[in-house]
4 protein chains.
Amino acid sequence: MMASDNGKVLEELFEIIAGRKGGDPEKSYTAKLFARGRNKIVQKLGEEAVETVVAALTEGSERVVSESADLLYHLLVLWADCGVKPVDVWAELARRQGISGIDEKKSRKK
Amino acid sequence: MMASDNGKVLEELFEIIAGRKGGDPEKSYTAKLFARGRNKIVQKLGEEAVETVVAALTEGSERVVSESADLLYHLLVLWADCGVKPVDVWAELARRQGISGIDEKKSRKK
Amino acid sequence: MMASDNGKVLEELFEIIAGRKGGDPEKSYTAKLFARGRNKIVQKLGEEAVETVVAALTEGSERVVSESADLLYHLLVLWADCGVKPVDVWAELARRQGISGIDEKKSRKK
Amino acid sequence: MMASDNGKVLEELFEIIAGRKGGDPEKSYTAKLFARGRNKIVQKLGEEAVETVVAALTEGSERVVSESADLLYHLLVLWADCGVKPVDVWAELARRQGISGIDEKKSRKK
């Protein structure tokens, strides 16, 4: 995979991750995460979010890149575990983007 | 923006977000977030991560999609605030993906 | 309640909180939290934990005190919602404290 | 320490924790945490908060007790690292408790 294929990195990574469901936990960290179950996956997601927060507040942009990569990786694992596909989330983001300007905030509020 | 342009949604959204830095906080939620500063941005990132965890454990995949969209939106705001570009993170993910199989876990460990 | 009764503040606050279960959500923030349910309670706990992290990294000890108070308040609400009593947690902490020195780390590892 | 001295468990634990600052990281998990620094301490606080959330949503009250003990332990380590004393937080909680009923919510809002 080339870094220049940037628009596709998350989709490609998602396919690799989803392909590891049911794989040998001894050979793949991803397969091991799936085997440990959703509680472990969300716990890792939470950890990486906190590490991204810490990096952004005290460690500089290079560390933000690294922790964001960890966060996204674990988010993709969670999506695969929940039956969510990247295109579902892109569609949701695109839908919201269609709501412009003044209504932006309202549409975000729950 | 079409949902079918899926590989590009995050980049396009990032450009819109980055373009709101310094904008009128009265007119845009994004501009307001930038104006409130990084502490507020990371706080929102943390909140959305927790909401994604809660959705995944108790609320079903539709809510996971919605909360993931919130999480990604706030992550992009943080990147813009920290001078990180999406391509930086895609490159980091691609670099890791090049490290395959048996070394996967080691490369993730800090 | 006097601040000097310090060992008892959490127990007393817990009794007040537990007494608001089923109360009027219009009159008490605590009653409102119980009415909104456990998902909302844990979400607030997560938010306050992130705010404590942010305070400790960037805002000074006075803000750590304030955010810690928020965190503890929401933790007590969660305990009341889960049927956990403060004494249960004190007993667990005391039990661990009995395991001294060299075994400390091992006993914490899951 | 007896579990029956419940009002004092946190203060006593805090004293033990504070006494390990500067101790040998090889012999004490607490000393090791202090040696690794505040970023590590807040990261652990965030992790334990997420684990408490997960326990409350899916694992039952016994696990909530255990994760709450972990969360409180790491909160006390953070207080010691920030120069905050338990009595400071008890005083803040007591002060808020003095504000009763109808003003409760307002006083919590930032």
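**Exercise 1. A threonine with company**

Find out which residues C:Thr52 touches, leaving aside residues up to four places away in sequence.

*Solution.* Start with the partners in its own chain: C:Thr52 touches C:Glu67, C:Ser68 and C:Leu71. Now look across to chain D, where the partners of C:Thr52 are D:Leu45, D:Leu75 and D:Leu78. Keep in mind that you're looking at a predicted model. Next, place the residue: C:Thr52 belongs to helix α3 of chain C. Last, check how much of it shows: C:Thr52 has a relative accessible area of 0%, and since anything under 20% counts as buried, C:Thr52 is buried.

**Exercise 2. Sizing up the C–D contact**

Describe the interface of chain C and chain D: how many residues does each chain give, and what area do the two bury?

*Solution.* Take the residue count to begin with: 58 residues come from chain C and 58 residues from chain D. Then the area: the two chains bury about 5,200 Å² between them, and 68% of that lies on carbon and sulfur atoms.

Move on to the polar side of things. The interface of chain C and chain D holds 8 residue pairs in polar contact, both residues being at pLDDT 80 or more. Which elements make up the chain C side? Those giving two or more residues are α1 (9–18), α2 (29–36), α3 (38–58), α4 (61–82), α5 (86–97) and α6 (104–108) of chain C. Of these, α4(C) gives the most to the side that touches chain D, at 15 residues. Sorted by character, the chain C side splits into 31 nonpolar, 11 polar and 16 charged residues.

Now for salt bridges: the interface of chain C and chain D has 2 of them. One salt bridge pairs D:Arg96 with C:Asp70, with 2.7 Å between the closest N and O atoms.

**Exercise 3. How are the copies related?**

Work out what turn and shift lay chain C on chain D, then do the same for chain B and chain D.

*Solution.* As background, two copies of a chain are related by a rotation about an axis and a shift along it. For chain C on chain D, the turn is 180°, the shift along the axis is 0.0 Å and the RMSD is 0.0 Å. That's what a two-fold axis does. The surface agrees: 100% of the contact residues of chain C recur in chain D, so the same surface serves both copies.

Try chain B on chain D: again a turn of 180°, with a shift of 0.0 Å along the axis and an RMSD of 0.0 Å. Here 100% of the interface residues of chain B are also interface residues in chain D, so these copies meet through the same surface.

**Exercise 4. Hunting salt bridges**

Count the salt bridges over all chains, then look into a few of them.

*Solution.* The total over all chains comes to 28 salt bridges. The general idea is that side chains of opposite charge can pair when their charged atoms come close.

- B:Asp81 and B:Arg38 pair up with their closest N and O atoms 2.8 Å apart. This pair links distant parts of the chain, B:Asp81 being in helix α4 (residues 61–82) and B:Arg38 in helix α3 (residues 38–58) of chain B, 43 residues apart. B:Asp81 is buried at 17% relative accessible area, while B:Arg38 is partly exposed at 29%.
- B:Arg95 and B:Glu92 form a salt bridge, with 3.0 Å between the closest N and O atoms. They sit 3 residues apart in helix α5 (residues 86–98) of chain B, which means about one helical turn separates them. B:Arg95 is partly exposed at 49%, whereas B:Glu92 is buried at 14%.
- D:Glu59 and D:Arg63 meet at 3.3 Å, N to O. D:Glu59 is partly exposed at 30%, and D:Arg63 is partly exposed at 30% too.

Finally, look for shared partners: A:Asp70, B:Glu92, B:Arg95 and B:Arg96 are joined by salt bridges into one network.

**Exercise 5. A phenylalanine in chain B**

Is B:Phe14 buried or exposed, and which residues does it touch?

*Solution.* Locate it in helix α1 (residues 9–18) of chain B. With a relative accessible area of 5%, B:Phe14 is buried. Leaving out residues up to four places away in sequence, B:Phe14 touches B:Leu76, B:Trp79, B:Ala80, B:Val84, B:Lys85 and B:Pro86. Take one of these partners: B:Lys85 lies 71 residues from B:Phe14 along the chain, yet their C-alpha atoms are separated by 8.3 Å.

Note on methods:
Residues are numbered from 1 along each chain as its sequence is written. Chains are lettered from A and ligands numbered from 1 in the order in which they are written. This is a predicted model: local features need pLDDT of at least 70, side-chain atom pairs count only at pLDDT 80 or more; totals for chains, interfaces and linings use all residues. Side-chain values use heavy atoms; hydrogens and water are left out. Contact means heavy atoms within 4.5 Å. Buried area is the accessible area (1.4 Å probe) that two parts lose on being put together, summed over both. A salt bridge is a side-chain nitrogen of Lys or Arg within 4 Å of a carboxyl oxygen of Asp or Glu. A polar contact is a pair of N or O atoms within 3.5 Å; within protein, one must be able to donate a hydrogen and the other to accept it, and residues adjacent in sequence count only if both atoms are side-chain atoms. Helices (H or I, at least four residues) and strands (E, at least two) are DSSP runs, numbered from the N terminus. Ala, Val, Leu, Ile, Met, Phe, Trp, Tyr, Cys and Pro count as nonpolar, Asp, Glu, Lys and Arg as charged, and the others, Gly among them, as polar. Buried means under 20% relative accessible area, exposed over 50%, partly exposed in between (1.4 Å probe, protein chains only). Copies are superposed by least squares on the C-alpha atoms of residues with pLDDT of at least 70 in both.
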